[in-house]
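Work through the exercises below with the sequence and the 3D structure at hand. Try each task before reading its solution.

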Amino acid sequence: AILRNVTVTQNVSALSGGVGIVNLPRVQVEIANSIISQNFTTTAKTTPSNLDGRVDVSKFKHNLIGSGSTVRNVSGAIVLEDAPGVNTIPGSNYNLLRNNAPMLNPLADNGGPTPTHSPKTGSDVIDRGSNALARDPLDTNPLTWDLDTDQRGLSYPRLFEIPGAGN
């Protein structure tokens, strides 16, 4: 399974508020350019539960992941957990870990066919994604795999980081 360029936030469930991944030995999940934060297991929103399961650590990049997460590698060894403070995910993967304050606006009509959470000014998620990962993971043609728009559609082209342009 692939979760790329997604936001999972402000969910509440009795079992797992955020992303619960089946912990089978051959199940691998790629998570990249994604926000998984501010999810809870109780309606009182006191117990964070953001990500639980096996991921492909080599492809776990440019994410903001909230606390209340237990992340395992494909062998089942814990690579990220709040207690006792495990974090063996390579720092070169540009993740923001244990961050429960991604500074997102409420779900709203920001244009396009679906509601979205826009980042607030000063949010840590601004300019943290990777353009190299902003592509359709199922498209193998380099001429068509780049995502030219965000989920809002053709009226909303993606903003690319241009060196020296102040964006």
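**Exercise 1. Salt bridge**

Task: State how many salt bridges there are, and find which parts of the chain are tied together.

Solution: This is a predicted model, and the count comes to one salt bridge. The pair ties together parts that are 26 residues apart in sequence, because glutamate 30 lies in strand β4 (residues 30-32) and arginine 4 in strand β1 (residues 2-4). The side chains of these two residues meet at 2.4 Å, N to O. A salt bridge requires a distance within 4 Å, and the value of 2.4 Å is the one to check against that cut-off. Side chains of opposite charge can pair when their charged atoms come close. As a last step, look up the exposure of the pair: glutamate 30 is buried, and arginine 4 is buried too.

**Exercise 2. Open sheet**

Task: Give the order of the four strands in the open sheet, and say which stand at the edges.

Solution: The order is β2-β5-β7-β11, with parallel pairing. β2 and β11 each have a single partner strand, so they stand at the edges and one side of each is left without a neighbour in the sheet. Next take one pair of strands: β5 (residues 35-37) and β7 (residues 64-65) are joined in the parallel sense over two bridges. Isoleucine 36 has isoleucine 65 in β7 as its bridge partner.

**Exercise 3. Threonine 7**

Task: Decide whether threonine 7 is buried, partly exposed or exposed, and list its contacts beyond four places in sequence.

Solution: Begin with the location, which is strand β2 (residues 7-9). The relative accessible area of threonine 7 is 41%. Partly exposed covers the range between under 20% and over 50%, so threonine 7 is partly exposed. Leaving aside neighbours within four places, threonine 7 is in contact with Ile35, Leu104 and His117.

**Exercise 4. Serine 123**

Task: Classify serine 123 as buried or exposed, and find which backbone oxygen lies 2.5 Å from a polar atom of its side chain.

Solution: Serine 123 has a relative accessible area of 5% and is therefore buried. The backbone oxygen belongs to proline 102. Pro102 is also in the contact list of serine 123, together with Met103, when neighbours within four places are left aside.

**Exercise 5. Nonpolar cores**

Task: Find how many residues the largest nonpolar core has, and list contacts of phenylalanine 60.

Solution: The largest core has 14 residues, and Phe60 is one of those with the most contacts inside it. Contacts of phenylalanine 60 include Ile31, Leu51, Val55 and Ile89. Another core, of five residues, lies apart and has Ile35 and Val125 among them.

Technical notes:
Residues numbered from 1 in each chain as written. Predicted model: local features only at pLDDT ≥ 70, side-chain atom pairs only at ≥ 80, totals over all residues. Heavy atoms only, no water. Buried < 20%, exposed > 50% of the residue type's maximum accessible area, 1.4 Å probe, protein only. Contact = heavy atoms within 4.5 Å. Polar contact = N/O pair within 3.5 Å; in protein donor to acceptor, adjacent residues only side chain to side chain. Core = buried A, V, L, I, M, F, W, Y, C linked by side-chain atoms within 4.5 Å. Pairing = 2+ DSSP bridges.
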